[in-house]
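Here's a quick tour of a single helix, the core it belongs to and a loop residue elsewhere. Have a look at the model first.

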Amino acid sequence: VNHDIITSLDRLLSSYFEDGNSLKDGLPSVKYISTELKLSQRYLSDMLSSLTGMNTQQYIQSTVIDKAKEKLSSTDLSVSEIAYELGFEHSQSFSKLFKAKTNLSPLEFRQSFN
């Protein structure tokens with residue numbers, strides 16, 4: 001059951017970004033995710049923590065970083081454009097999160113592919 005929830009969560013996050021919801025609604029919130037999955041925020045976070053070692057917010061951030069890495073390594077979009085596409089209001093917030101999670105700035109990450 002728990003692995004089905006993670007599969008559903010991954011599908012939900014993928015479609016959220018692919019459908020452009022991040023452009024109009026910003027980053028997905030824990031409340032949005034739990035409502036869509038019809039689970040309490042606490043249950044979802046506890047279940048994710050036991051399976052992945054991350055709470056819901058951290059899992060969302062991890063997914064965002066993975067999407068960012070994909071875009072940085074496969075497109076010519078600017079860091080600001082990528083930040084905006086992922087739902088950040090300010091590219092500085094995106095860059096700060098990216099660096100905190102990867103120890104590289106988005107530009108340093110991109111340059112590692114060249």
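## One helix and its core

In α4, the buried residues (under 20% relative accessible area, 1.4 Å probe, protein chains only) are Leu44, Ser45, Met47 and Leu48. They sit on the same side of α4, because their arc around the axis, taken from the directions to the C-beta atoms, is only 165°. An α-helix has 3.6 residues a turn, so residues three or four places apart point the same way. The face turned away from that buried side has Arg42 and Ser50, both exposed (over 50%).

A word on the source: this is a predicted model, where local features need pLDDT of at least 70 and side-chain atom pairs pLDDT 80 or more, while totals for chains, interfaces and linings use all residues. Numbering starts from 1 along each chain as its sequence is written, and side-chain values use heavy atoms, with hydrogens and water left out.

What do the buried residues of α4 pack against? They pack against α1, α3 and α5. Just after α4 comes Gly53, with a positive phi near 80°.

Now for the largest nonpolar core (buried Ala, Val, Leu, Ile, Met, Phe, Trp, Tyr and Cys joined through side-chain atoms within 4.5 Å): it has 28 residues. Seven of them come from α1, the largest share.

Two leucines and their contacts (heavy atoms within 4.5 Å), leaving aside residues up to four places away in sequence:

| Residue | Contacts include |
|---|---|
| Leu86 | Phe17, Val64 and Phe94 |
| Leu77 | Ile82, Glu85 and Arg110 |

Leu77 lies in the loop between α5 and α6, and its 22% relative accessibility makes it partly exposed (between 20% and 50%).

Note on methods:
Helix = DSSP H or I, 4+ residues; strand = E, 2+ residues; numbered from the N terminus. Contact = heavy atoms within 4.5 Å.
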